[in-house]
Amino acid sequence: MRSTSQGENGGSPHWTTFLKEFAKAPLSVGSPIATSTGTIKRQLDGVDWANTGLFVEYGPGTGEFTRYILAHLPRDAKLIAIESEDGLADHLRHTIDDPRFTVHTGSALQARAILGDDVVGRVDYILSGLPFSALDKSDRARIVEDAARLLNDDGEFLAYQVRRTIEPSLRKVFARVKRRRRWLNMPPYHLYWCREPKRSRPSNRVD
Ligand SMILES: C[S@@+](CC[C@H](N)C(=O)[O-])C[C@H]1O[C@@H](n2cnc3c(N)ncnc32)[C@H](O)[C@@H]1O
């Protein structure tokens, strides 16, 4: 397994790749600096690593969260990432050599098609770094609704965001939404933890 180390906000060993991709697609990449190590720990400190079999990441960028996840994930678990920018997805393929990790070049809007039907209702965690405020309202809603379908009943949707644009979609789809401000990041983030997808139950269900 090969995986280069992560650094503090702005001190990532992958910062030149990040900056180059930001210059090419500023709206989509969303920030010129990767997330800080402290913020990554804060976002992921409630993850039940021992019982995690499938972790999905949207918008991994140069992989600061990705490497942290792989460092904690059980040996038989999987991490699947979806990254829209070719250059960033290729960077991850070239710098992370771990049989548990797969990266797809594509949009989180196509997550269900990319991940396949087998995965519906089986994902333990979905982490999103997508710049939701740069997306259409309908696309934001679709990504969150699809994520809720992909998660298992105990699953959790995690997101780090500069703005709170995504919050109404999160509250519509999840019964429990927790938000905390993370000032020690450049830029400061809103961190979200969302549980209990409001599933529509079949009316003839017998429990
Ligand atoms: C704010 S950056 C987060 C990068 C990194 N995870 C970090 O911790 O700093 C947003 C990332 O989402 C990617 N992205 C934007 N829109 C996307 C989409 N629709 N599907 C998948 N990835 C997308 C961008 O290319 C970029 O890598």
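Q: How many helices and strands are there in the chain?
A: The model is predicted, and its chain comprises 207 residues. Counted along this chain, the secondary structure amounts to eight helices and nine strands.

Q: What percentage of the residues of the chain count as buried?
A: A residue is buried when its relative accessible area is under 20%. Applied to the 207 residues of the chain, this criterion gives a buried share of 49%.

Q: What share of the contacts with a separation of 6 or more comes from residues 24 or more positions apart?
A: The count is restricted to contacts in the chain with a separation of 6 or more. Within that set, the pairs 24 or more positions apart account for 68%.

Q: Which helix gives the most residues to the largest nonpolar core?
A: The largest nonpolar core has 29 residues, and Tyr 58, Ile 126, Phe 157 and Phe 174 touch the most other members. Five residues of this core come from one helix, spanning residues 137-150. That helix, the leading contributor, is H7.

Q: How many residues form the second, separate core?
A: Apart from the largest core, there is a second one that includes Leu 79, Ala 81, Tyr 125 and Leu 158. Its membership comes to 25 residues.

Q: Which residues from 126 to 130 does Tyr 58 touch?
A: Residues up to four places away in sequence are not counted for Tyr 58. Among its remaining partners are Ile 82, Ala 108, Ala 111, Ile 143, Ala 147 and Leu 150. The partners in the stretch asked about are Ile 126, Leu 127, Ser 128, Gly 129 and Leu 130.

Q: Why is strand E9 described as largely enclosed by the rest of the structure?
A: Strand E9 covers residues 189-197, nine in number. It is largely enclosed because the buried residues among these nine number seven.

Q: Which residue of E9 is the bridge partner of Lys 178?
A: Strand E8 (residues 174-182) pairs with E9 in the antiparallel sense over eight bridges. The two strands form a hairpin, with six residues between them. In E9, the partner of Lys 178 is Trp 193.

Q: Which residue of E9 is the bridge partner of Ala 159?
A: Strand E7 (residues 151-161) runs antiparallel to E9, and six bridges join them. In E9, Ala 159 has as its partner Tyr 192.

Q: Which residue does a cis peptide bond join to Met 186?
A: The omega angle of this bond is about 0°. The residue joined to Met 186 lies in the loop between E8 and E9. It is Pro 187.

Q: Is Glu 196 buried, partly exposed or exposed?
A: Glu 196 lies in strand E9, and its phi is near 60°, a positive value in a residue other than glycine. Its relative accessibility is 38%, whereas buried requires under 20% and exposed over 50%. Glu 196 therefore counts as partly exposed.

Q: Which helix gives the largest share of the lining of the largest pocket?
A: The largest pocket holds about 690 Å³ of space. Its lining has 40 residues, with Ser 28, Val 29, Gly 129, Leu 130 and Pro 131 nearest the centre. By class, the lining has 22 nonpolar, 14 polar and four charged residues. The largest share, four residues, comes from H2.

Q: What distance separates the C-alpha atoms of Phe 22 and Ile 33?
A: Phe 22 lies in helix H1 (residues 15-24) and is partly exposed, with a relative accessible area of 22%. Ile 33 is 11 residues away from Phe 22 along the chain. The separation of their C-alpha atoms is 8.7 Å.

Technical notes: Residues are numbered from 1 along each chain as its sequence is written. This is a predicted model: local features need pLDDT of at least 70, side-chain atom pairs count only at pLDDT 80 or more; totals for chains, interfaces and linings use all residues. Side-chain values use heavy atoms; hydrogens and water are left out. A nonpolar core is a set of buried Ala, Val, Leu, Ile, Met, Phe, Trp, Tyr and Cys residues joined through side-chain atoms within 4.5 Å. Buried means under 20% relative accessible area, exposed over 50%, partly exposed in between (1.4 Å probe, protein chains only). Contact means heavy atoms within 4.5 Å. Two strands pair if DSSP finds at least two bridges between them. On a 1 Å grid over the protein atoms alone, a cavity is a set of points where a 1.4 Å probe fits but cannot get out, and a pocket is an open set with protein on both sides within 12 Å along at least five of seven lines; lining residues have an atom within 4 Å of a point. Grid points are joined across faces, edges and corners, and a volume is the space filled by probe spheres set on the points. Ala, Val, Leu, Ile, Met, Phe, Trp, Tyr, Cys and Pro count as nonpolar, Asp, Glu, Lys and Arg as charged, and the others, Gly among them, as polar.
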